[in-house]
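Please walk me through this structure. Start with one residue, then its helix, then the cores.

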Amino acid sequence: MQDNNSQTLFFLGSGNMASAIGRGLVAQNSSLNLGFYDQAWAKALAMTVELPGTKSTRSLPDAVAFADVLLLAVKPQDMPALVDELAPLLRPGQLVLTIAAGLPLAWYQARLPQGTPLVRAMPNTSAAVGEAITGLMAGEFATDAHKTLAEQVFAAVGSFIWLAEEEIHALTAISGSGPAYYYYFTEALAAAGEALGLSPQTAAALARQTAIGAGRLLQVQADSSPTQLREQVTSKGGTTAAALSVFAENEALPQLVQQACRACAERSREMADEN
C-alpha cells in the first residue's frame with residue numbers, strides 16, 4: 001500500500017451512506033483523495049460539485065485504475081453485477097471495503113481475485129450527522145495497514161468497533177436497526193403526551209428534545225453508565241420511579257426489547273442465508 005498522503009479512495013455508488021462518508025472525510029480534511037463513480041452519472045457528478053477537490057468518472061475501469069481503496073456502496077441486489085465487472089479490473093493489494101448488508105466476506109472472496117484484502121463494514125444511519133457506530137470485520141488478507149485505513153474512513157462518520165463476522169447479526173439487532181427503536185419510543189412518548197391532553201405539536205416537541213438531551217448526556221457523561229444516569233433522575237417514591245415501575249413490572253420492557261432484538265437478529269440470519 002502507498003503512503004496515506006497519496007492514496008485515493010473511490011466510492012462505487014453515491015447513495016446516502018457513501019455521501020455521508022465522503023462529507024465526513026472532507027470535513028475532517030482527510031489525507032485521502034476522494035472520487036465517485038455511479039452508474040447514474042449525475043449522482044457522482046453532484047458529489048464532486050458539493051465536495052470541491054474530489055473527482056468523478058463515468059467509467060468503472062477508470063475508477064479502479066485511479067483507486068488504492070474501493071468502497072462498494074451499492075444496494076445488495078446490485079452487488080453481483082458490480083462485483084462481476086470489478087473482479088477482472090482489480091490490482092493486487094487494492095483494498096476493498098463494502099457496506100452492503102447481508103453479504104458475508106466469503107461471498108466476495110469467492111468472486112474477487114485470490115488474496116484481495118477485504119473489510120466489511122456496517123455503519124448505521126447516524127452517519128448522516130457524524131454519530132454512527134460502525135462494526136468492522138476484516139477478511140483474511142487484510143493487514144494491519146488495511147485495517148488502519150478502514151478505521152480512518154469510518155471514523156469520519158463516528159466511532160467504530162472491530163468484531164468477528166459471526167457477531168454481525170447481533171450488531172444488526174443493536175446498532176444497525178437500533179436508531180429506529182429510539183425513534184419509535186419517541187413516537188410513543190409523544191402519543192402518550194397527547195393522551196395526557198397536550199397538543200400534538202407540544203407533545204412532539206417535548207418528546208423529541210427529551211430524546212436529544214438524553215442522548216447528549218450519554219455522550220458527554222461517558223464515564224457514567226446508563227444505569228447511573230437513570231438513577232440520578234429517579235428519586236425514591238417520586239414521579240420517575242412511578243413510571244419506571246410500570247416499565248419494569250415483570251421485566252416487561254427488558255423482555256420486550258430482547259424479543260425484538262432476537263427477531264431482528266433472526267431476520268438478519270435469514271437474509272444472509274438467502275444470499
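Methionine 271 counts as partly exposed because its relative accessibility is 39%, and partly exposed lies between the buried limit of under 20% and the exposed limit of over 50%. The model here is a predicted one. Methionine 271 sits in helix α12. Along the chain, methionine 271 and alanine 101 are 170 residues apart. In space, their C-alpha atoms are separated by 8.9 Å.

Now take the helix itself. Helix α12 covers residues 252–274, which makes 23 residues. How far apart should its ends be? At 1.5 Å a residue, the span should be 33 Å. The end C-alpha atoms are 33 Å apart, so the model agrees with the expected value.

Some of α12 is hidden. Cys261, Cys264, Ala265 and Ser268 are buried in this helix. Which helices do the buried residues of α12 pack against? They pack against α7 (168–176) and α8 (178–195).

Next, the nonpolar cores. The largest one has 31 residues. Leu9, Phe11, Ile21, Leu71, Leu97 and Phe154 have the most contacts inside it. Helix α1 (residues 16–27) gives the largest share of this core, with five residues.

Look closer at leucine 71. Leaving aside residues up to four places away in sequence, leucine 71 touches Leu9, Phe10, Phe11, Leu12 and Ile21 among others. Its partners also include Leu97, Ile99, Val153 and Phe154.

There is also a second core, separate from the largest one. This second core has 28 residues, including Ala67, Leu86, Ala100 and Met122.

Key
Residues numbered from 1 in each chain as written. Predicted model: local features only at pLDDT ≥ 70, side-chain atom pairs only at ≥ 80, totals over all residues. Heavy atoms only, no water. Helix = DSSP H or I, 4+ residues; strand = E, 2+ residues; numbered from the N terminus. Expected span 1.5 Å × (residues − 1). Buried < 20%, exposed > 50% of the residue type's maximum accessible area, 1.4 Å probe, protein only. Contact = heavy atoms within 4.5 Å. Core = buried A, V, L, I, M, F, W, Y, C linked by side-chain atoms within 4.5 Å.
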